[in-house]
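The following account leads through a single protein chain, beginning with a local detail and widening to the overall fold. It is best read with the coordinates open alongside.

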Amino acid sequence: MPATTLPACVPPAWPNPDAEQDLAVHRVTRVLSYTPDQLAELVADVSAYPDFVKWVTAMRVWNRRDEAPGITVLDAEAQVGFSFLTERFSTWVRHDRTVPSVEVGLIRGPFRHLKNRWTFHPDPTGTRLEFMIDFAFKSPILNAMLQANFDRAVSALIGSFEAEAKRRYGAKP
């Protein structure tokens with residue numbers, strides 16, 4: 001079944017005192033024909049990102065720990081490359097199997113701030129995936145470059161996860 005884009009129904013997340021400086025906040029809702037647990041496990045498997053997200057060229061994971069039953073937190077450093085630009089940044093990743101959801105926050109890197117959240121809700125045809133990302137680069141030049149391609153980048157990111165779900169779990173009717 002092809003993905004269906006629905007109107008965003010994610011409530012505002014993470015109040016940000018620097019909101020007037022936010023340049024890139026994006027929400028996507030899709031219905032996919034996989035289970036919430038399958039999709040949450042896929043998104044939480046950050047060490048595999050270089051295998052299926054084309055601009056993630058390397059990933060290092062450390063400090064994996066259990067925060068509570070069903071909740072794992074880890075730290076990850078990603079190297080990303082876009083044509084002439086290569087950057088590294090570190091995040092914490094919190095995978096809550098009880099909800100299920102995956103949240104990401106900035107540790108260090110070229111961003112002024114970075115937050116994203118994936119939530120997975122049962123749907124009669126599979127799972128309603130809700131994705132939110134909120135970030136701004138420290139560099140005005142990087143922010144300007146991103147603004148020109150932001151919708152396309154988010155769409156490509158979600159598409160990477162859809163294709164990997166199909167590869168891992170098979171095509172669903």
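Which side-chain oxygen reaches the backbone nitrogen of Ile-141 at the start of H3? In this predicted model, that oxygen belongs to Ser-139, and it comes to within 3.2 Å of the nitrogen. Ile-141 itself is part of helix H3, which covers residues 140-169. With a relative accessibility of 62%, Ile-141 is classed as exposed, because the cut-off for that class is over 50%. Together with Phe-84 and Met-145, Ile-141 makes a nonpolar surface patch of about 350 Å².

Helix H3 can then be followed along its length. Its 30 residues, at 1.5 Å a residue, should span 44 Å, and the C-alpha atoms at its ends are 40 Å apart, which agrees. The helix nevertheless contains a kink of about 65 degrees, centred on Asn-149. The buried residues of H3 are Leu-142, Asn-143, Leu-146, Phe-150, Val-154, Leu-157, Ile-158, Ser-160, Phe-161, Glu-164 and Ala-165. In reading such a list, it is useful to recall that an α-helix has 3.6 residues a turn, so residues three or four places apart point the same way. After H3 comes Gly-170, which has a positive phi near 90 degrees.

The wider arrangement may now be considered. The secondary structure of the chain consists of 3 helices and 8 strands, and from the N terminus on the order of elements is β-β-α-α-β-β-β-β-β-β-α. Of the 173 residues in the chain, 47% are buried.

Helix H2, made of residues 49-52, contains Phe-52. This phenylalanine has a relative accessible area of 11% and is therefore buried, the limit being under 20%. Phe-52 also illustrates a contact between distant parts of the sequence: Phe-52 and Ala-163 are 111 residues apart in sequence, yet their C-alpha atoms are 8.2 Å apart in space.

Two features of the backbone deserve separate attention. Most residues other than glycine have a negative phi, and most peptide bonds are trans. Asn-63, in strand E3 (residues 56-68), has a positive phi of about 60 degrees although it is not a glycine. The relative accessible area of Asn-63 is 42%, so this residue is partly exposed. The peptide bond from Val-99 to Pro-100, in turn, is cis, with omega near -15 degrees. Pro-100 is located in the loop that lies between strand E5 (85-96) and strand E6 (101-108).

Another proline, Pro-124, occupies the loop between strand E7 (111-123) and E8. It has a relative accessibility of 84% and so counts as exposed. Pro-124 and Val-31 are 93 residues apart along the chain, and their C-alpha atoms are separated by 9.5 Å.

Strand E8 (residues 126-137) includes Glu-130. Is Glu-130 buried or exposed? Its relative accessible area is 6%, so Glu-130 is buried. Which side chains make polar contacts with that of Glu-130? One contact, of 3.4 Å, joins Glu-130 to the side chain of His-121, and another, of 2.8 Å, joins Glu-130 to the side chain of Arg-128.

Terms used: Residues numbered from 1 in each chain as written. Predicted model: local features only at pLDDT ≥ 70, side-chain atom pairs only at ≥ 80, totals over all residues. Heavy atoms only, no water. Patch = residues over 30% accessible without salt bridge, like charges linked within 9 Å, V, L, I, M, F, W, Y side chains within 5 Å. Areas by Shrake-Rupley, 256 points an atom, 1.4 Å probe, with all protein chains shown as cover. Salt bridge = Lys/Arg side-chain N within 4 Å of Asp/Glu carboxyl O. Helix = DSSP H or I, 4+ residues; strand = E, 2+ residues; numbered from the N terminus. Buried < 20%, exposed > 50% of the residue type's maximum accessible area, 1.4 Å probe, protein only. Expected span 1.5 Å × (residues − 1). Bend = angle between axes of the 7 residues up to and from the residue. Polar contact = N/O pair within 3.5 Å; in protein donor to acceptor, adjacent residues only side chain to side chain.
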